[in-house]
Amino acid sequence: MTPRELIVCRDVSLGYEGQCVLSHLDLTIREGDYLCVVGDNGSGKSTLIRGLLGLLPPLSGEICRSKELMEGAVGYLPQQTRAQRDFPATVYEVVLSGCLNGRKNRFFYTAAQKSAAMMNLGKLGVLELKDQCYRDLSGGQQQRVLLARALCAASRLLILDEPITGLDPAAAQDLYKTLRYLNEKEGMAIVMVTHDLKTALGSARTVLHIGRSGVFCGTTAEYLSSPQGRRFQEAQS
Ligand code: ADP
């Protein structure tokens, strides 16, 4: 791997119980990338995310991760379930729990982890909510809190699975703006699964489209003029 490479997938096939969902995928994620993953329901987007996170071993091929990612420099924002929305903890506790990875065998969070949690609460504009119960927040506020939590783990890469599901348009725009800031000003690489192609493409530099006829991976401009990109845009409009 070269120094700027975070994840390299070489001829990777992913699936369940020997059944392939995604096959022969070549993909490289580098520092500062902003990759949007799109495709129909059931095409394998979440399966890819599980593979990138190391939760699902490849059926064949190899997924290499940089040393930093192996040590946990990746933050993950999963799709929220109803049970998670009702989580009975304070906002501060939810964000601080993002430091669990770095806690190793210690029983307590360190002062540095606590200050990282406070800093990320501030960065996401939810510091004044820190003592409120997470389940009492609006959907947009909850997503900001979860992003602050993911940032406690991430120093290089953020992986987000459908982050704007359930958000109103203003909250969704707000989230995109924050992601753009993290990417452009802080150099955070972003991999985001989304159905909201039109808006997401305003930020993403690369698109991975998983379709029945195969996988397309290229710049946003290349995608928009590709047959897959044109078909997908028509279906969405
Ligand atoms: P997407 O995220 O694009 O909607 P998924 O990656 O969730 O698609 O699913 C891709 C395919 O893999 C689907 O056919 C789905 O039924 C199947 N699948 C997903 N998770 C599992 C699992 N845990 N066991 C078996 N099959 C699964």
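Is Glu162 buried or exposed at its relative accessibility? In this predicted model, Glu162 has a relative accessibility of 12%, and because buried means under 20%, the residue counts as buried. Glu162 sits in the loop that runs between strand 6 (157-161) and helix 7 (169-186). Its backbone is worth a look too, since phi of Glu162 is near 50°, a positive value in a residue other than glycine. As a general point, most residues other than glycine have a negative phi.

Glu17 makes a good companion to this case. Phi of Glu17 is likewise near 50°, again positive in a residue that is not glycine. Glu17 belongs to the loop between strand 1 (5-16) and strand 2 (19-30). Here the relative accessibility is 82%, and because exposed means over 50%, Glu17 counts as exposed.

With these two loops in place, the overall fold can be described. The chain holds ten helices and nine strands. For 237 residues, a compact globule would have a radius of gyration near 18 Å, and the chain has 18 Å, so the two agree. The C-alpha trace spans about 50 × 40 × 35 Å along its principal axes. Of the 237 residues, 46% count as buried. The accessible surface of the chain comes to about 12100 Å², and carbon and sulfur atoms account for 51% of that surface. Contacts across the sequence complete this overview: among those between residues at least 6 apart, 67% join residues at least 24 apart.

Next comes the ligand site. The residues around the ligand are Tyr16, Val21, Asp40, Asn41, Gly42, Ser43, Gly44, Lys45, Ser46, Thr47 and Arg50. By class, this shell has two nonpolar, six polar and three charged residues. Helix 1 (residues 45-53) supplies the largest share of the shell, with four residues. Several polar atoms of the protein can be placed against oxygen atoms of the ligand. A backbone N or O atom of Gly44 lies 3.0 Å from a ligand oxygen. For Lys45, a polar side-chain atom lies 2.9 Å from an oxygen atom of the ligand, while for Thr47 the corresponding distance from a polar side-chain atom to a ligand oxygen is 2.5 Å. Taken alone, the ligand exposes 560 Å², and the protein buries 56% of that.

Two further residues bring the description back to the protein itself. Ala189 is placed in strand 7 (residues 189-193). Its relative accessibility is 0%, so Ala189 counts as buried. Setting aside neighbours within four places in sequence, Ala189 is in contact with Leu6, Arg30, Glu31, Gly32, Asp33, Arg156, Leu157, Leu158 and Asn183. Val91 lies 98 residues away from Ala189 along the chain, and the C-alpha atoms of the two are separated by 25 Å.

Ser97 is the second of these residues, found in the loop between helix 4 (91-96) and helix 5 (111-123). At 17% relative accessibility, Ser97 counts as buried, because the cut-off for that class is under 20%. The side chain of Ser97 reaches the backbone oxygen of Val94 at 2.6 Å. Leaving out residues up to four places away in sequence, Ser97 touches Tyr109 and Arg149.

Conventions:
Residues are numbered from 1 along each chain as its sequence is written. This is a predicted model: local features need pLDDT of at least 70, side-chain atom pairs count only at pLDDT 80 or more; totals for chains, interfaces and linings use all residues. Side-chain values use heavy atoms; hydrogens and water are left out. A residue is near a molecule or strand if one of its heavy atoms lies within 4 Å of it. A polar contact is a pair of N or O atoms within 3.5 Å; within protein, one must be able to donate a hydrogen and the other to accept it, and residues adjacent in sequence count only if both atoms are side-chain atoms. Accessible areas come from the Shrake-Rupley method with a 1.4 Å probe; for residues, only the protein chains shown count as cover. Helices (H or I, at least four residues) and strands (E, at least two) are DSSP runs, numbered from the N terminus. Ala, Val, Leu, Ile, Met, Phe, Trp, Tyr, Cys and Pro count as nonpolar, Asp, Glu, Lys and Arg as charged, and the others, Gly among them, as polar. Buried means under 20% relative accessible area, exposed over 50%, partly exposed in between (1.4 Å probe, protein chains only). Contact means heavy atoms within 4.5 Å. The radius of gyration is taken over C-alpha atoms; the globule rule is 2.2 Å times the number of residues to the power 0.38.
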